[in-house]
Structures are given as structure tokens and as C-alpha cells.
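Let's take a walk through a protein chain and look at a few of its local details. Have the sequence and the 3D view ready as you read.

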Amino acid sequence: MPTALISHPDFLLHDTGPFHPERPDRMTSVLAQLGLSGDVPDGARQADLLCLSPAPAGEARIKAVHDGAYVDAVVDWCGRGYRNLPTGDTTISSASETVARLAAGAAMRAVDAVLTAEADRVFCVTRPPGHHAESDRGMGFCIYNNAAVAARYAQSRFGVERVAVLDWDVHHGNGTQEIFEEDPSVYYFSVHQYPLYPFTGAERETGTGEGAGYTMNVPVSAGSGDEVFIDVLRGTVLPAMKAYQPDLLILSAGFDAHMDDPLSGTLVTDAGFRAMTRLVLDFAEDACGGRLVSVLEGGYDLEALGRCVADHVSMMNA
């Protein structure tokens, strides 16, 4: 089966201003490296990829992981012309709520594709990112939590029993952790620089209540490079994930651990990300029938981001 890619030109409408790290140029750079434009007909084949178009996530799907009052407030804030979420450091514009729904819908479309055998693996070129969005607040450039919406959708729509969410963005995904920290049916794994924004994700944070033991944080120090990240994945994260036996793997694929990224202090290279991708692909093939949904999170050096995503997708499609 083919590898699919999901994007949409409307992701450019989330207006953060020309100098914001999470700006539309990120998506343009990624698509250019992939040899694609943002406007590809659903079901078309380009660059040997199956291109799929998303639809906005419905209100019920968003509210399955986010408090209704928060979702309603985001609609109101965007409608009233707010330039920042009152809940956290996220720039917004009039189109941002609709675009955030589209990003969540893209992750859902990816779940549909892998769980109906339309594709083995899917990469979502989307914005805004999502992993900092908690159940009742957006922050850290995030409005709705795309990976969390996808995980809950896989469970409710397809009856998936166990979902693993692996987050290798250099910043801890506090939102994904908070949404699922009491839920043993979603195991959240994060490898991230610590201390660094949002200053959560200590090793002792392992879940609460029935979810105790189903959160794994592996903080690494500034200056960590390829060897540290690869060793952590191979020696710590993937063995625990294998024991969990997930039916679906969702990757929060941030590329801001790169040595050229302006928002981090880790030193992962292009080759390091290729090695990390290889480990994840091999795991998915071995443990969950190849079913992998990879969703773009951070990555703020345009050239490094474009190269690393292109490598990531090329390896998914090999």
C-alpha cells in the first residue's frame, strides 16, 4: 500500500505574522522540499505519494479531548479579532480556529487511511501544531491537540484498544500528557530537552490514577545529539512500547531538536533524524502492522525542517 501525505492550502491562513517562529513559511518550505504544492486534489499521486485532503474536525471530535467551554471560547476569540489566546502564548487570527479544526481533521483523515488499509503510513503537513494544547487551554503555538484528537478518534470510530503516542519534539508535549495522564488506553512517550519550555516532563511524571505507568518521559540535556536520542529510543522507549503492544502508533514529529533550530539547544543532525525514523518505522512494522500516523509538530529553521521532513517522508515511502 502507498504512503499518504495530507495537507491543504488553508493551513497558510493561520496568520501569526511574518516574524513568528510558527509561520506559514514552515509549511511552504516542507512542501517545496517534497516537490508538492499545498493544493493537491484528493486521491492524486504526486512524488510517488498518495495525496489526501482533510476536512475540518467536527465539534464533537474536538470536544472529545478538549473542554467544551474552551472550544467555544476559541471560536469567540477568533471571531472577535483576538491576536493571542488568553490561555497561553499562542498567536491567533480570525481564521485560526477553522484552521486548527482542519489540522485536527487531517490527523483524523490519517487514522482513516491507515485503519481502512488505504495507506500503510501517513504524514500530515499541518499547522498549527498541537502537542502543547491541554484539555482546557491552548499554549505554545498550539490551539487544539491534533495527536490527541486522532488517538481518541481511532478508539471511538474504529474500536482501537491501545494507542501509543511517541513525541520526539524537543519541547515536552504537556498537552498530550495532560489529556491522557489518567487513561491506560493511550500510552504517551516523550523524549525532550529538559529544562526547556514548557518546563514539564520530568522523569517522575508517569501518569496518575488508572493511567499510572502509562506516561514515559525521558528528558535529555542541552547539548545532546544523535547518539543520545537514538540510544534513548532504542534502549528505553521502544522496548516499553513493545511491551505495551499498541494497535496504532501516532508520532508527534517535531524536528526542532535539530542543531540549527533557534528554539532548542540539542544537536540532532539530519542523519540523526533519519536514524530515529528508521527505528520508528521498524517498530511499527513489527509491532502494529505498519500502522503509523506521523503529525508535524515543531521545527523552526526552515531549511533544516524541509530537509528532515523530506527525508522522513521518503523513508516512510521506501
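## Buried, exposed or in between

Before we start, one cut-off is handy: a residue is called buried under 20% relative accessible area, exposed over 50%, and partly exposed in between. Keep in mind that what you're looking at is a predicted model.

Try it on A117, which sits in the loop between helix 4 (96-115) and strand 4. Its relative accessibility is 45%, so A117 counts as partly exposed. G159 is another one to try, and you'll find it in the loop between helix 5 and strand 5 (163-167). With 49% relative accessibility, G159 counts as partly exposed too.

## Positive phi angles

A117 has a second thing to show you: its phi is near 65°, a positive value in a residue other than glycine. Q245 also isn't a glycine, and its phi is positive as well, near 60°.

Where does Q245 lie? Look in the loop between helix 7 (226-244) and strand 8 (248-253). Is Q245 buried or exposed? Its relative accessible area is 52%, and the cut-off for exposed is over 50%, so Q245 is exposed.

## Two cis peptide bonds

Now for the backbone links. Which residue is joined to P128 by a cis peptide bond? That's R127, and omega of this bond is about 0°. P128 belongs to the loop between strand 4 (121-124) and helix 5 (146-158).

Further along, the peptide bond from Y194 to P195 is cis, with omega near 0°. P195 is in a loop as well, the one between strand 6 (186-193) and strand 7 (215-220).

## Rings and a charge

How many aromatic pairs does a search of the whole structure find? It turns up 12. Among them is the pair of Y70 and W77, which is edge-to-face: the centres are 6.4 Å apart and the planes make an angle of 65°. Y70 and W77 are both buried. They're also part of a cluster, in which ring pairs link Y70, W77, Y82 and Y144.

Rings can have a charge for company, too. Find R157 and look at its charged end, which sits over the ring of F158, 4.8 Å from the ring centre.

## Across the model

Let's finish with a distance, going back to G159. Along the chain, G159 and A257 are 98 residues apart, and their C-alpha atoms are separated by 34 Å.

Conventions
Residues are numbered from 1 along each chain as its sequence is written. This is a predicted model: local features need pLDDT of at least 70, side-chain atom pairs count only at pLDDT 80 or more; totals for chains, interfaces and linings use all residues. Side-chain values use heavy atoms; hydrogens and water are left out. Helices (H or I, at least four residues) and strands (E, at least two) are DSSP runs, numbered from the N terminus. Buried means under 20% relative accessible area, exposed over 50%, partly exposed in between (1.4 Å probe, protein chains only). Rings of Phe, Tyr and Trp (its six-membered ring) pair if their centres lie within 6.5 Å; planes under 30 degrees apart count as stacked, over 60 as edge-to-face and the rest as tilted. A charge sits over a ring if NZ of Lys or CZ of Arg is within 6 Å of the ring centre and within 35 degrees of the ring normal.
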